[in-house]
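Good morning, and thank you for making time for this presentation. Please keep the sequence and the model open while I speak.

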Amino acid sequence: MWHRWQAVLALALVTLCYVEAKPTTQETLVVSRAEESTTTAPPASEATSEEPTAPVKMTEMDVKSRVSLRYAHTAVVARVRNPAARAQETSFRMLLPDTAFISGFTMTIDGKVYKAYVKEKEEAKKIYNDAVSQGFGAAHVAAKARDSNHFTVSVNVEPSSIVVFNLTYEELLVRRNGVYNHAINLHPGALVPKMQVTVHIKEAEKISALRVPEIRTGNEVDASEDDPQNTNAVIKRTHDDREATITFNPDIAEQKRLIQVYAEKSKESLGNQHRYYPEDAEDEKDKEGFLGQFVVQYDVDRSKAGEILVSDGYFVHFFAPTSLPPLPKHVVFVLDTSGSMMGRKVEQLREAIQTILTKLNPGDSFNIIEFNSHVKVHDLSEADKPETSTSRYYYYDRTAEAPTLVPPSPATPENIAKAKIIVSRLDAGGGTNIASALDVAVDVINKGYEKDTKIEKTDNKSQSETKTDEKTDVKSESTTDDASENKTTKEPEPETNQLEPIIIFLTDGDPTVGETNPTRIISRLSEKNYGKRKAAIFSLAFGEDADRKFLRKLSLRNAGFMRHIYEAADAALQLRDFYRSVASPLLADVKFLYPKAQIKEGSTTKDEFHTFYAGSETVVAGRVADGAAELQPQVLAFCGNEDGVGRKRYEISPKVPVVRSSEHFYPLERLWAYLTIKQLLDEKDALIESKSDKDKETKNDLEKKALGIALKYEFVTPLTSLVVVKPNDTKAVDAESVDSKSPNEHLSLGGAGFAGSRPLLAAPYHSIPAPSISLDSYMHNRIVYSGSIGPQGVGASFGAGFLTTPAPRPLAYRTGEPSTEAKRSDSSEEPSTTTEQASTSSPLELYSLEEFSWVLPLLDAASDSLILNVNGTQLHLKLAKDITAAPTDGAACEAGGAAARCRYLPRCAAARALSVDLYQAAYCELDNGYAGVCCPITEGAKENP
């Protein structure tokens, strides 16, 4: 079982405006010696067998969300009460949207409000260390990854005491397929006597569409207008359709029904995943009390020129044109058919691609590239020949011929029918040659630009030396649509027959054949995919074993995005839903130009975009220059022609007055701050790891800018931490950050709620030193406040610097475990009395083991080996600094009852989440004494010939 790590956090909080009963006092605790107190909380009484202990109960849960100009501010307030005669631990859970930033967190204890403060992560660490050295209780948590929004706050509640949790988060709603989606996750953990969800929407333009679908599991594709609606949600429109309020008050009976529906849907989805052991009782218990996801979808009326709003010195420019013909596109499908795609995955792939092919627009062209250990560009003439079976049980076959390039095929009914036959024959087997597949895909894109489309051979290792000349002598049809008379730039003329290039890249694993270093793959691809012919690369991570961090960086650098496709019953539907979002590019090379005299220099967010797709929205925000009376930007791009062939110039120049004061309040300043931080972090994440001074300077500059804004507006980001110190406490807990991926992350909605209770000192838990753990994406950030809570307020002691985690269980593998993006620092080493501190660099990087943090206690860098204690004897297992020098797969073995092979440790993704104890049971020895692990074949350890 993959443990859910617990970190320690005692956060001082402020009461939000939504708390009905305001406390009488408010205290802030950040390295302060104030509030001298000689009292301490009474120790928890021992459990007796005379009568069962009544659990801590959540008595009320109130969620209020204000959405203004697509910017949502959500507050969750939960009240819990301990009715028992003894102290008990309880947990408040929250699963935020991936794009949200926490902006406030408080606990109210005995009328006092304790507020958490946002600090730069190193400063927070120093505050913690200083407090510990002076004997104060302290804790802090740092979010180190972009999507680490799932966390739990655990506290000990004194008898007959009430604790109020209060958390706020903010996000800019994203427009997909023509609507904004606002999702609120509900996970009370148990039935709640009083529950209410309120969403208030306020827009400057009329709300044209508003619907509330039935409660979702959070695992489906976006709801459509044809899906059932939530009959228990009440919608009230006001103010000329520019405002609306949605309320949802599920009673006990409705909560029971929703919990049952969620459980049934979760069970159905789990049945479609490859699992190597049944879900255990703790996993089942963790899902108790999931109501689901409350979703509000809406859209607004919009003008052709977009919507520009100015308030208090800031502006926001929403741009989502609708009445434009789509640009003709060249789509290259790059499909993984390696051995790990065998079975249901490849069946769903065939089903989805066959449907997507029918959705191609007239005027589009396409190619299909299949890759496993080798790469093949399919020729539609193959459909006219009988199917032949080919053995795929190869792994590192270096004798394969270079693939043959095939020109793009027009999306005619005849060609689509042939392509569907070819797709129906896709079968799985072999390794995963990602580098060559992407290299060939770019070659095919470039080939599509050439007038001479004769078939040629190409070396799939070609890189930047094969770059295509960016110059073109093709004349264009230049027209202007609402062109401004004050044009400030000269745009190049468009190519009349140019197709918008798109690469749709799907894989379910790590690169195992050819170039396997993600950094080198991205670097070489960036050198080749550039200029006006640069293709947008959309990466689809199928299942849990795909390296999502690698795929995200790849797409960020190539004008696309990464989408996680869950291995569930509706995987084919997820793929089709993804394609729908990129099926119709409307504008290419989009530029927003703002006159220098009208805006403050350097204040605008991203203002150049590779492509605009139908159903989405582009947002630019910035600061208005002092003294500016109006704002008149230009929007320049290329759009399609009405006949579906070629493209033409697109230009508009809207104008709005600058109003210094307004009767309406719009959160433009916080929207600007949020968007700026997000884009700075994206830009940082897209950088390739480099040791050059220039690259380091660029990264530091991006971090410095993002950090400054995050601290000013108190956003919890990968660069900031929440911190609080409680005076006079004698013990402290150190958890720089903590996270653990949910065993079924896409099913574990979490959301707001509380996780039941557990009598103190009653559970058989191991005490493990609290390490400085990397908080990464798609993971749980469990925060434990282990002081006592009661009439005396916060108790006199925090937990003694330990994490608590269930006892280790025998080795067992399953799919759905952390990928590269979901790093985990596991720790099962023997307890110690000192708390580990974060190190600035890791020796694990020398052996490609930076994602295997649990290995550190075993590492002997002097001998380049891991040292295991086996039956009283030290065993040295060799490590290679060059991963290619290590041996390939060894003998067959068994992992949790599943077929597996002995594999070099850094090559087994499933082993990233092991611990020292589990590795003791799973290790194996490869040729020449190299460190191996019994790795499930379906994880990526394919059969050798």
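How close do the axes of helix H4 and helix H9 come, and at roughly what angle do they cross? I begin with that packing, and I should say at once that the model is predicted.

Two packed helices are described by the angle between their axes and the distance between the axes. For H4, residues 344-358, and H9, residues 571-582, the axes come within 8 Å, and the crossing angle is roughly 35 degrees. The crossing of H4 past H9 is right-handed. On the H4 side, the residues that take part are Gln348, Leu349, Glu351, Ala352, Thr355 and Ile356. They meet Ala571, Ala572, Leu575, Arg576 and Tyr579 of H9.

Allow me now to step back to the chain as a whole. The protein chain holds 12 helices and 49 strands. It has 945 residues, of which 59% count as buried. Among contacts with a separation of 6 or more, 82% are between residues 24 or more positions apart. The exposed area of the chain is about 37400 Å², and carbon and sulfur atoms supply 49% of that area.

I turn next to strand E25, residues 500-507. Why can this strand be described as largely enclosed by the rest of the structure? The reason is that 8 of its 8 residues are buried, so the rest of the structure largely encloses it. Burial here applies to both faces of E25. One side carries Glu500, Ile502, Ile504 and Leu506, and the other carries Pro501, Ile503, Phe505 and Thr507, all of them buried.

Which strands pair with E25? One is E21, residues 329-336, which runs parallel to E25 and is joined to it by 7 bridges. Within that pairing, valine 332 has isoleucine 503 of E25 as its bridge partner. Another is E26, residues 536-542, also paired with E25 in the parallel sense, over 6 bridges. There, leucine 506 has leucine 540 of E26 as its bridge partner. Between E25 and E26 the chain passes through helix H7, residues 518-528, and this β-α-β crossover is right-handed.

The next topic is an antiparallel sheet. Four strands form an open sheet in the order E12-E13-E18-E15, with antiparallel pairing. E12, at 175-176, and E15, at 207-211, stand at the edges; each has a single partner strand, so one side of each is left without a neighbour in the sheet. E12 pairs with E13, residues 179-186, over 2 bridges in the antiparallel sense. In this pair, arginine 175 is matched with tyrosine 180 of E13 as its bridge partner.

Within the same sheet, I would draw your attention to aspartate 299, which is located in strand E18, residues 292-300. Is aspartate 299 buried or exposed? Its relative accessible area is 9%, and aspartate 299 is therefore buried, given that the cut-off for burial is under 20%. Beyond its neighbours within four places in sequence, aspartate 299 is in contact with Arg175, Gly178, Val179, Tyr180, Lys206, Ile207, Ser208 and Ala209. Isoleucine 207 is 92 residues from aspartate 299 in sequence, yet their C-alpha atoms are 5.9 Å apart in space.

A second aspartate may be set beside it. Aspartate 110 lies in the loop between strand E6, 101-109, and strand E7, 112-115. Aspartate 110 is partly exposed, at a relative accessible area of 48%. From aspartate 110 to isoleucine 162 there are 52 residues in sequence and 7.4 Å in space, C-alpha to C-alpha.

Another open sheet has 4 strands in the order E29-E28-E32-E33, and its pairing is antiparallel. Its edges are E29, 608-613, and E33, 647-652; each has a single partner strand, so one side of each is left without a neighbour in the sheet. From one strand to the next, the twist averages 25 degrees. Inside this sheet, E28, residues 585-593, pairs with E32, residues 634-640, in the antiparallel sense over 5 bridges. Leucine 593 has glutamine 634 of E32 as its bridge partner.

I close with strand E47, residues 898-904. In E47, 6 of the 7 residues are buried, so this strand too is largely enclosed by the rest of the structure. E47 pairs with E49, residues 931-936, in the antiparallel sense over 5 bridges. In that pairing, alanine 900 stands opposite proline 936 of E49.

Methods. Residues numbered from 1 in each chain as written. Predicted model: local features only at pLDDT ≥ 70, side-chain atom pairs only at ≥ 80, totals over all residues. Heavy atoms only, no water. Buried < 20%, exposed > 50% of the residue type's maximum accessible area, 1.4 Å probe, protein only. Pairing = 2+ DSSP bridges. Right-handed = clockwise from strand over helix to strand, strands pointing away. Contact = heavy atoms within 4.5 Å. Areas by Shrake-Rupley, 256 points an atom, 1.4 Å probe, with all protein chains shown as cover. Axes fitted to C-alpha atoms, helices over the stretch in contact; angles between N-to-C directions. Left-handed = near helix turned anticlockwise from the far one by under 90°.
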